[in-house]
Amino acid sequence: MATAISSVGLEDKVTSFMKKDRKMLINGKWVESISGKTFPTYNPATGEVLVRVAEGDREDIDLAVKAARAAFEAGPWRKMSPSDRGKAIWRLGDLLEKNLEEFAELEMLDNGKPLKIARVADVPLAVDLFRYMAGWATKIEGNTIPFAKPGKYFAYTVREPIGVVGQVIPWNFPLLMAAWKLGPALATGCCVVLKPAEQTPLSALRLGELIQEAGIPDGVVNIVPGYGETAGAALAAHPDVDKIAFTGSTEVGKMILQAAAGNLKKVSLELGGKSPNVVFADGDIDQSVAGASMAIFFNHGQCCAAGSRLYVEKSIFDKVVDGVSEQAKKIKVGPGWEQSSDMGPLVSEEQLKRVCGYLESGISEGAKATAGGQRKGDKGYFVEPTVLVNTTEKMKVVKEEIFGPVVVAIPFSDTSEVVQKANDNIYGLASGIWTKDLSKAHKLAAQIRAGTVWINCYNVFDAALPFGGYKQSGWGREMGHDALEMYTETKAVCVGL
Ligand code: NDP
């Protein structure tokens, strides 16, 4: 452990957090796994072990679900006044903000992202999310329902918490994904079992300590780190879980769906993407180039919304490709703790192999890299920011989610062609449009089948803005008012007068 972070000069809190094996949070207690097993979490910039973490499995998940169920039924959270519930969630946001530096460092070490990015993106966005959701705790409302024949009946709806929720999250924004999931569940009065990704369990575990400090009662949030095939699968299949919320690959999303069928638990899924980013010739080319670069290279391309298919109007294709390639070459790739690093390593050796596999496949099929194209160095999991041209629609690099800093640039002639190409994919998560012609932008926005359309911007997230996918990018929406729908049931109450 010491070698992994000794050179980094981190604050004491983070180094002491790494000094002992991390336990799991069940029913307000920090406990070891029933099996006694632990698993390592790595620093992706060096490949070294940071710390070992309790390895949850079926039995631990079962205990955590029992704790969540008991807390839900006893109702210390569900029956708390909405105002007090909101205050506790707000306190959690405050505590997170107070410990911003520590969380940014944890994200940098565990995930690999640059510290300077975690400080301004991951942690503040998570703080905002908790504050936004704190406000909703007092505003979970139903309706009064006008009947066809008034006077005989009076009817109204109430929205009640869905119950015990299982949440399985990925590694690309470990803290933020925990916040996206926990925020609406807490605001609506649900109780939770959260399973962080095996690559990045640390910030969720530290968040568990803040959840306790914020005064959220025991058993309301249980955090069980472990592997997807064991702990994750057990949570998805558990008969006493009322809802499962998942973010990750479409492949695992489909497995979650099957596992959930046993007790027909409700399911929400935020899955993969291969998002089209469309640049028209009438736009501000410098702005489009900067936006297209950020759309793919932010977070090393490890974003479900990454603008990984760049469609450029033919007349400016070369100019935009040159511009994005120049930007790619300028990106300083290095360990997250160096102030100069714009891009860190990929999260794991597995992701490194996966992304390099895509690069090899694309290039061997005839694609040309105008920037990057390979692994960077031989220590840590770094990849060069890459721009590929000369692709065809059949290539895997055009069709499949790469989840790395790799964009394919493709020319188009007119709007109808680009609509057809943009929609020609199994995913429908996000998209971008760059043009000065607002009429064209809105017409195109209406035709693209994606959960988010960014016009003259990209990767803009806000706690109030719903996010989620069409087609195989998922079911339901995260954030915004929409997220609350996924954590409540509607009850209709009808009174004979
Ligand atoms: P996964 O979908 O495997 O992982 C996401 C989460 O699901 C993790 O917590 C994982 O646990 C868990 N999980 C894995 N298998 C199961 C299962 N059978 N039942 C329940 N939970 C399970 O993604 P990977 O980490 O394998 O990444 C592979 C690809 O997925 C990426 O290259 C990218 O394309 C996509 N992805 C998409 C994300 C998004 O934001 N939409 C985020 C991350 C990945 P564990 O970590 O232990 O495997």
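These are my notebook entries on aromatic pairs, charges over rings, a surface patch and a few single residues in a predicted model.

**Aromatic pairs**

I began with the aromatic rings, and a search of the whole structure gave me 12 aromatic pairs. Among them I looked up W180 and F461, which form a tilted pair with 6.0 Å from centre to centre and 50° between the planes. I noted that this pair links distant parts of the chain, since W180 belongs to helix α8 (residues 174–188) while F461 sits in the loop between β19 (452–455) and β20 (470–471), 281 residues apart.

Why do I record the pair as tilted? An angle under 30 degrees would count as stacked and one over 60 as edge-to-face, and the rest count as tilted, so the 50° between the planes of W180 and F461 puts this pair in the tilted class.

I then asked myself whether each partner is buried or exposed. W180 is buried, with a relative accessible area of 5%, whereas F461 is partly exposed, at 26%. I also wrote down that W180 and F461 belong to one aromatic cluster together with W454, Y458 and F467.

**Charges over rings**

Next I looked for lysine charges placed over aromatic rings, and I entered two cases. The charged end of K243 sits over the ring of Y487, at 4.8 Å from the ring centre. The charged end of K396 sits over the ring of Y358, with 5.3 Å to the centre of that ring.

**A nonpolar patch**

Which residues make the nonpolar surface patch of about 370 Å²? I found F154, Y156, V495 and L497. Of these I followed up L497, whose place is in the segment after β22 (488–496). L497 is exposed, with a relative accessible area of 70%, and I class it so because the word applies over 50%.

**S325 and H481**

I turned to S325, which I located in helix α13 (residues 317–330). S325 counts as buried, at 3% relative accessibility. Leaving aside residues up to four places away in sequence, I listed T370, A371 and V387 as the residues that S325 touches.

H481 I placed in helix α18 (residues 480–485), and at 36% relative accessibility H481 counts as partly exposed. With residues up to four places away in sequence again left out, H481 touches Y132 and W136. I also looked up the separation of H481 from T144, and I entered 337 residues in sequence and 19 Å in space, taken from C-alpha to C-alpha.

**Positive phi values**

Finally I checked the backbone at two residues other than glycine that have a positive phi. For K471, phi is near 45°; this residue lies in strand β20, and at 31% relative accessibility K471 counts as partly exposed. For M479, phi is near 65°; M479 is found in the loop between β21 (474–475) and α18.

Is M479 buried or exposed? I recorded M479 as buried, with a relative accessible area of 3%, because buried means under 20%.

How values were computed:
Residues numbered from 1 in each chain as written. Predicted model: local features only at pLDDT ≥ 70, side-chain atom pairs only at ≥ 80, totals over all residues. Heavy atoms only, no water. Phe/Tyr/Trp six-rings, centres within 6.5 Å; stacked < 30°, edge-to-face > 60°. Helix = DSSP H or I, 4+ residues; strand = E, 2+ residues; numbered from the N terminus. Buried < 20%, exposed > 50% of the residue type's maximum accessible area, 1.4 Å probe, protein only. Lys NZ or Arg CZ within 6 Å of the ring centre and 35° of its normal. Patch = residues over 30% accessible without salt bridge, like charges linked within 9 Å, V, L, I, M, F, W, Y side chains within 5 Å. Areas by Shrake-Rupley, 256 points an atom, 1.4 Å probe, with all protein chains shown as cover. Salt bridge = Lys/Arg side-chain N within 4 Å of Asp/Glu carboxyl O. Contact = heavy atoms within 4.5 Å.
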